[in-house]
Amino acid sequence: MCGIVGYVGGQQAAPLLLEGLTRLEHRGYDSAGVAVLGPTGVKVAKRAGRVRQLSEELPKRFAGKLGIGHTRWATHGPANDVNAHPHVDASGEVAVVHNGIIDNAAALRHRLADQGVDLASDTDTEVLAHLVARSGADTLEGKVRDALSAIEGTYGVAVMHADFPDRIVVARNGSPLIIGVGDKEMHVASDLAALVRYTTTIAYLDDGEMATLTAGGFTTYRQDLTSTNKTATTLDIDPSSYDAGDHDSFMHKEMVEQPAAAERVLRGRLDERFGTAHLGGLNMDARETRAIRRVKILGCGSAYYVGQMGAALLEELARIPADAEAASEFRYRNPIIVSDTLYVAVSQSGETIDTLLAVQEIRRKGGRVIGLVNVVGSAIARECDGGIYLHAGPEVAVASTKALTNMFLGFALLALQLGRVRDLSIADGKRLIAGLQQLPGQLAEMLEREDELAAIATSLAEAESLFFVGRVRGFPVAREGAQKFKEISYRHAEAYQTSELKHGPLALISEAVPTVAIVPGDELTDRNVAALHEIAARRGPLVVVTHADVDLGDVEAVRIDVPRNERELDPILLTVPLQLLAYHAALRLGHDIDKPRNLAKSVTVE
Ligand code: G6P
């Protein structure tokens, strides 16, 4: 939820830190700050607002070839200048940036106050700066170790100290940190996005690990300061995939990338001869696969809604009872873990704390969990017994698009493989494979109709309140559509089962409340069209996402005809126009598409 950067080397640190923070802004953007260590000691500049404002107001004299920076999403204390990171100790010699939450911060604040320390901010992080300064150890590594041993909670942390001007000490427990190796310079960041412009030679820190960075290199060690001897590896990644390029936002770029991303997740995983999928990463043989009696899918936000689409795919294709639940609810209700249930954790970032803790709870109780995860090597990916990497490439916009599409396709592959060791016929397997192969092209076809969707979005953007309705397969599509619309347009968008309209929402339907209805051409079309009549009779404006051959009778509606695929795969094609509607409504309303208010890309704190 927050972002960390750090630099030590031969160049001025501040411009590099600010550039890195800009690339991490999707993680948190209510305040930002940097600290550098120059000839006159530690200098800090921080403020509420965006990184751009911080850059514009940076003091003229802000020299230093070592520094740390942070972009914040408030948890402890409001977003203001004082609560922004870095935090310093009373003497101003120690500066700290921190991601995560210190659970015993209140007790530590009291203890420090009793010892006469003046706490400047409301944050949990500030205690770390004081604890480092008050340690009696004679190395920075020892001081940071002492401070960390007093705290309970999660952290990715970077510390600099005026008495140790050649180094930054970092530590990880639950919040990612990545070291980037340059030429006589070292970087650190909480996300690859901030590093790739400078280096692709990197080392990931593990939980419980610390590292010291100097211009000449890095060393890694455990908290008892014994070495872990980690070495860096060079990644084969294209740094330009972290740029928005010609697009006005990352969301737009990521929507447009969907056909290519879809091809990547399918590549090498379809077996046309036997009408099945090959998912080597599941780490399950046919016998274990057959023994599965239920599937339970867990995710948050869009990952939860696509989990519902995935549950439908598993039930339809593999005939295994399946359901999805918000990981954030699941983990708080002392869930009953059953050995013949396959648990599936879905996450773009692989960092979402509720999903991660749900996975840990299941594994603690002996359950088997697989992950549908985009970020390779992320915490959730590492915690799972096996999984399917989504290969969507970096996703920066808060509103998930290409990762969500690939999650759906991941579920289709899983359902195909589970189905084919059960009752799905080879003919049906082949039918679905043909459908999957057609999908990237159909996604592209849908995206080419952006102008048509922009015009429809313009009318929807006027409404204060909207309904998104769908039935069975279409309901998770409606939920995801409403989620996208509300998170970036800030309009009230509520999803409902079409079948439940009469049980409440109809009371709200009027000329002022449009409904976006998901009406695929399937066995439920007639029921859905009947509901459209009920809405139209109350003068509710209608946008209907449907197929060209569906006859809506005399219902007055704006139609969006999506390409037809196999009916089980239709949900993802019905979802893409809803992304474009949300995007164009938000654009029309002048919102910051990639950084919606109050939201963050990865929710890594409870
Ligand atoms: C946040 C984001 C959502 C995302 C959800 C789950 O709420 O704003 O867009 O769907 O987290 O994220 P994950 O990385 O686990 O897929």
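## Pairing of S2 and S4

In this predicted model, strand S2, residues 31–38, runs antiparallel to strand S4, and six bridges join the two. Within this pairing, valine 34 of S2 lies opposite glycine 69 of S4.

## Strand S4

S4 spans residues 66–72 and is mostly covered, with seven of its seven residues buried. The cover extends to both faces of the strand. One side carries Leu66, Ile68, His70 and Arg72, the other Gly67, Gly69 and Thr71, and every one of these residues is buried. The buried set thus takes in His70 and Arg72 on one side as well as Thr71 on the other.

S4 also pairs with strand S1, again in the antiparallel sense and over six bridges. Two positions fix the register of this pairing. Glycine 6 stands opposite isoleucine 68 of S4, and valine 5 stands opposite glycine 69 of S4. Glycine 69 therefore has a residue opposite it in each pairing, under the bridge criterion of at least two bridges for paired strands: valine 5 in the pairing with S1 and valine 34 in the pairing with S2.

## Strand S1 and its pairing with S10

S1 covers residues 3–8. Six of its six residues are buried, and the strand is mostly covered. Gly3, Val5 and Tyr7 point one way from S1, while Ile4, Gly6 and Val8 point the other way; both groups are buried.

Besides S4, with which it shares six bridges, S1 has strand S10 as a partner. S10 comprises residues 186–189 and pairs with S1 in the antiparallel sense over four bridges. In this pairing, tyrosine 7 of S1 has histidine 187 of S10 as its bridge partner. Tyrosine 7 is buried and points the way that Gly3 and Val5 do.

## Ligand site

The ligand sits in the second largest pocket. Around it are 13 residues, of which Ser347, Gln348, Ser349, Thr352 and Val398 come nearest.

Polar contacts to ligand oxygen atoms involve both side-chain and backbone atoms of the protein. For serine 347, an N or O atom of the side chain lies 2.6 Å from an oxygen atom of the ligand. For valine 398, a polar backbone atom is 2.8 Å from a ligand oxygen atom. Serine 302 likewise contributes a polar backbone atom, at 3.1 Å from an oxygen atom of the ligand. The ligand taken alone exposes 390 Å², and the protein buries 91% of that area.

How values were computed. Residues are numbered from 1 along each chain as its sequence is written. This is a predicted model: local features need pLDDT of at least 70, side-chain atom pairs count only at pLDDT 80 or more; totals for chains, interfaces and linings use all residues. Side-chain values use heavy atoms; hydrogens and water are left out. Buried means under 20% relative accessible area, exposed over 50%, partly exposed in between (1.4 Å probe, protein chains only). A residue is near a molecule or strand if one of its heavy atoms lies within 4 Å of it. A polar contact is a pair of N or O atoms within 3.5 Å; within protein, one must be able to donate a hydrogen and the other to accept it, and residues adjacent in sequence count only if both atoms are side-chain atoms. Accessible areas come from the Shrake-Rupley method with a 1.4 Å probe; for residues, only the protein chains shown count as cover. On a 1 Å grid over the protein atoms alone, a cavity is a set of points where a 1.4 Å probe fits but cannot get out, and a pocket is an open set with protein on both sides within 12 Å along at least five of seven lines; lining residues have an atom within 4 Å of a point. A molecule sits in a cavity or pocket if more than half of its atoms lie within 2 Å of its grid points.
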